[in-house]
Amino acid sequence: MSEPILKTLVVLSLPLMCMSGASAQALKAPLSQNSETGDSADGWQEIAVVERRLPVFVSGQRRVTFVPGDHAGLRLDSQLAAQPGLSLFRRANSLTAHPTTQGLAMRGVGANAAGRVLVTLDGVPMGDPFGGWVFWSSFAAGDLAEVAVLPGGSAGAFGAQALSGVVDIRSRSAADTRPAFEGWFGANDSFSLSGRAGFALGGTDAAISAGHFQTDGDYLVSADARGPVDVPAASEASHAALTLEHDFGAVSARGALRYFREERTNGLALAINSTEAVDASLTLAGVAGEGQWEVVSYYRARAFENVFSSARDARATELAVLDQYDVPAWGVGMLARLKVGDFEVGIDGRRMSGETNERFRNLGDGFTRDRMAGGDQWTLGAYGELSHTDDWGSMSATLRLDRWRSYSGARIERDITSGDVLRDDEVPARGGWQPSARLGALVALTGAIDVRAAAYRSWRLPTLNEYYRPFRVVNDITEANPDLVPEKLYGIEVGFDYEPLNTFKLSATVFRNWLKDGVGNVTIGFGPGFFPLGGFVPDGGVLRQRANIGESVTDGVELSGKLLLQPGVTLRADYLFARARITRFDAMPELIGKRPVQTPRHALTLALAYDAGGPFTLQGDMRFTSSQYDDDQNLRRLSGIAAVNMSAAYQVNETVSLTVAAENIFGARVVSAVTADGFETLAQRRFWRVGLKAGF
């Protein structure tokens, strides 16, 4: 464990250990069945959620909820990928994806590694403070109570970074945590062990959990393309968490401390990385007169190391091309809310800092250059929201204003041997104001038909990684851009929900999104050759730079249907059509009309679940995604895919159940990325697991 992370753990654990007194009082709030408060996904049971936080009400927004603990060891990102509106960057899940590419996209609003979807856990943003990506292997499904997917730009309490939607995760309360153990063994000698327990410390409810995952991994290239340097993408990850809840009478408090460590090999022997992370949060809530208030504060620290390497000589040898030997980052933030009747006000502040220290320019005899690049940024916003529910339906109007600033930017490059400074960029501070707003309404036309509509403006501040960190993957080089401006999304949507019987439901939504200044990697030139911006680019390589693309437009349709075929058997179908294209880019007009990278036009999920209340449950799905492009020029086409997944569980007795699950059962070829010379990287390989759960 790194010394900074260890010190952080010790300091942050002290206030959590001091909480004592009367037992916390948990309030149970069952989910309703309308489109705004909970449309449970097929095979995913609806539960009573322990409400420790003020609810976030957004009228006119379709909300899909599920319980992540019911999927026989499937990671959270794989479960989210079952929603056609959501997509994983490069179609790779966290079993094989490089940590810096684990971002989410929604509704075809151009994918990127940082993600354009805000992911929160109990109100705390989960994006990495430096890069914005999410470490999906840090989530223990058994510790989570509910995951809610809210598509469309958001404002209000979700605030900045909720550009195209929100994944709002809520964990179990300590008072509701029972002793439990889960373990499974699977393909590639993979295994996972995890457990949790809840108990009382005087008047404080406490819960602890821990787990470990390990796999020998699968190859990232096909058998006919492998060489001696190719190795399986092995990884291991460990996590631990402590939660304390206490009711002081007028104020309830919840403290959480989470630790995570991961080690990975990314398909080549020299391409390794490690992550160490600690998160701490404190939530206070209470009643003030006729109103309710809540304050969520948090601190997050990261330590990251990473090596990129390049295969050479027909993949007989490899060469390390970038050694990011020290990438520290931290973030701190607070959200304060007050709700009185139909009106809510709040403030939201976030501060991030990070840098990369790396060695580069390896001509065969070792690295000759050293680089430090990074900076700081903060956002501070305030919002007001009016919401109202009546017999006719509901409405909400939100207005928010944020101030942002990126500063202390630096990029210093030195000769390793002589120590001479070869580059010292003066990166000017940048800042500005960003408004965001949302207006939504739902009208109950009849007892069976609800109509909803919404209009919104949201925004995302580019990450420190996008501003300052260049990187190289094989022979493709991407340069940073300290002149980036925030992304802005404008959107309108209208939809309906039709539920004539409790055995059938149909939902449809039509939407249009305008993405202004979306950050993308644009092509500067092809190797071999020397470029002033990025230096020498090898044969078969490409030089790109992050840039603000003037405007992209996405027109789309979401369809969702659920049918109870007979007691215990449910069929669900979800479909997304998203026609995305670049409509304005003055710097590179040749890209107008091109499709944004990693953006499929069609996505379909068909799911069948059996749960008749007996000991045996079964669920399976087929997920289809149409073709997409891996580059801004739309030259590197990735074919469409159709993968089948299944899981089953058998309840042996009141405490023990057996599980089995398999992903991509028929071994569909999922190409995640392709280089300029046609070399393909694979993802979502066939994977099976059998497991046991025990609860006491």
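In this predicted model, Arg-91 makes a good starting point, being buried with a relative accessible area of 5%. The residue sits in the loop between strand 5 (86-88) and strand 6 (104-106). Its backbone also deserves a look: phi of Arg-91 is near 60 degrees, a positive value in a residue other than glycine. For context, most residues other than glycine have a negative phi, and most peptide bonds are trans.

A second arginine shares this feature of the backbone. Arg-315 is not a glycine, yet has a positive phi of about 65 degrees. Its place is the loop between strand 17 and strand 18, and with a relative accessible area of 16% Arg-315 counts as buried, because the cut-off for that class is under 20%. The peptide bond from Gly-527 to Pro-528 offers another backbone detail, as this bond is cis, with omega near 5 degrees. Pro-528 belongs to the loop between strand 28 (504-526) and strand 29 (529-531).

Arg-315 leads on to Asp-230, since a polar contact of 2.6 Å joins the side chains of Asp-230 and Arg-315. Asp-230 is found in the loop between strand 13 (204-215) and strand 14 (235-247). With a relative accessible area of 7%, Asp-230 is buried. A polar atom of the Asp-230 side chain also lies 2.7 Å from the backbone nitrogen of Gly-227. Setting aside residues up to four places away in sequence, Asp-230 touches Tyr-219, Val-221, Ala-225, Gly-267, Leu-268 and Arg-315.

Charged side chains meet in many places, and the count comes to 45 salt bridges. One of them pairs Arg-302 with Asp-279, whose closest N and O atoms are 2.8 Å apart. This pair links distant parts of the chain, with Arg-302 in strand 17 (residues 291-312) and Asp-279 in strand 16 (residues 272-288), 23 residues apart. Arg-302 is buried, at a relative accessible area of 7%, and Asp-279 is buried at 8%.

Strand 17 takes part in another such link. Glu-294 forms a salt bridge with Arg-337, and the closest N and O atoms are 3.0 Å apart. Glu-294 lies in strand 17 and Arg-337 in strand 18 (residues 317-340), so this pair ties together parts that are 43 residues apart in sequence. Both Glu-294 and Arg-337 are buried.

From strand 18, a further salt bridge joins the side chains of Asp-323 and Arg-359 (2.8 Å, N to O). Because Asp-323 lies in strand 18 and Arg-359 in strand 19 (residues 343-362), the pair ties together parts that are 36 residues apart in sequence. Asp-323 counts as buried at 15% relative accessibility, whereas Arg-359 is partly exposed, with a relative accessible area of 30%. Salt bridges that share partners also join Asp-128, Arg-258, Asp-279, Arg-300 and Arg-302 into one network.

Further along the chain, strand 33 (residues 602-611) pairs with strands on either side of it in sequence. With strand 32 (residues 569-584), strand 33 pairs in the antiparallel sense over nine bridges, and Leu-576 stands opposite Ala-603 in strand 33. Strand 33 and strand 34 (residues 616-625) likewise pair in the antiparallel sense over nine bridges. In this pairing, the bridge partner of Leu-604 is Phe-624 in strand 34. The hairpin of strand 33 and strand 34 has four residues between the strands, and there Gly-613 takes a positive phi near 85 degrees.

Strand 33 also contains Tyr-610, which is partly exposed, with a relative accessible area of 33%. Tyr-610 belongs to a nonpolar patch on the surface, together with Phe-181, Leu-193, Phe-616, Leu-618, Met-646, Tyr-650, Val-652, Leu-658, Leu-692 and Phe-696. These residues have about 980 Å² of accessible area together. Strand 34 and strand 37 are the elements that give two or more residues to the patch.

Strand 37 (residues 641-651) is also home to Ser-647. Ser-647 is buried, with a relative accessible area of 9%. The C-alpha atoms of Ser-647 and Trp-184 are separated by 13 Å, and the two residues are 463 residues apart along the chain.

Notes. Residues are numbered from 1 along each chain as its sequence is written. This is a predicted model: local features need pLDDT of at least 70, side-chain atom pairs count only at pLDDT 80 or more; totals for chains, interfaces and linings use all residues. Side-chain values use heavy atoms; hydrogens and water are left out. Buried means under 20% relative accessible area, exposed over 50%, partly exposed in between (1.4 Å probe, protein chains only). Two strands pair if DSSP finds at least two bridges between them. A polar contact is a pair of N or O atoms within 3.5 Å; within protein, one must be able to donate a hydrogen and the other to accept it, and residues adjacent in sequence count only if both atoms are side-chain atoms. Contact means heavy atoms within 4.5 Å. Patches are made of residues with over 30% relative accessible area and no salt bridge: like charges are joined within 9 Å, nonpolar side chains (Val, Leu, Ile, Met, Phe, Trp, Tyr) within 5 Å. Accessible areas come from the Shrake-Rupley method with a 1.4 Å probe; for residues, only the protein chains shown count as cover. A salt bridge is a side-chain nitrogen of Lys or Arg within 4 Å of a carboxyl oxygen of Asp or Glu.
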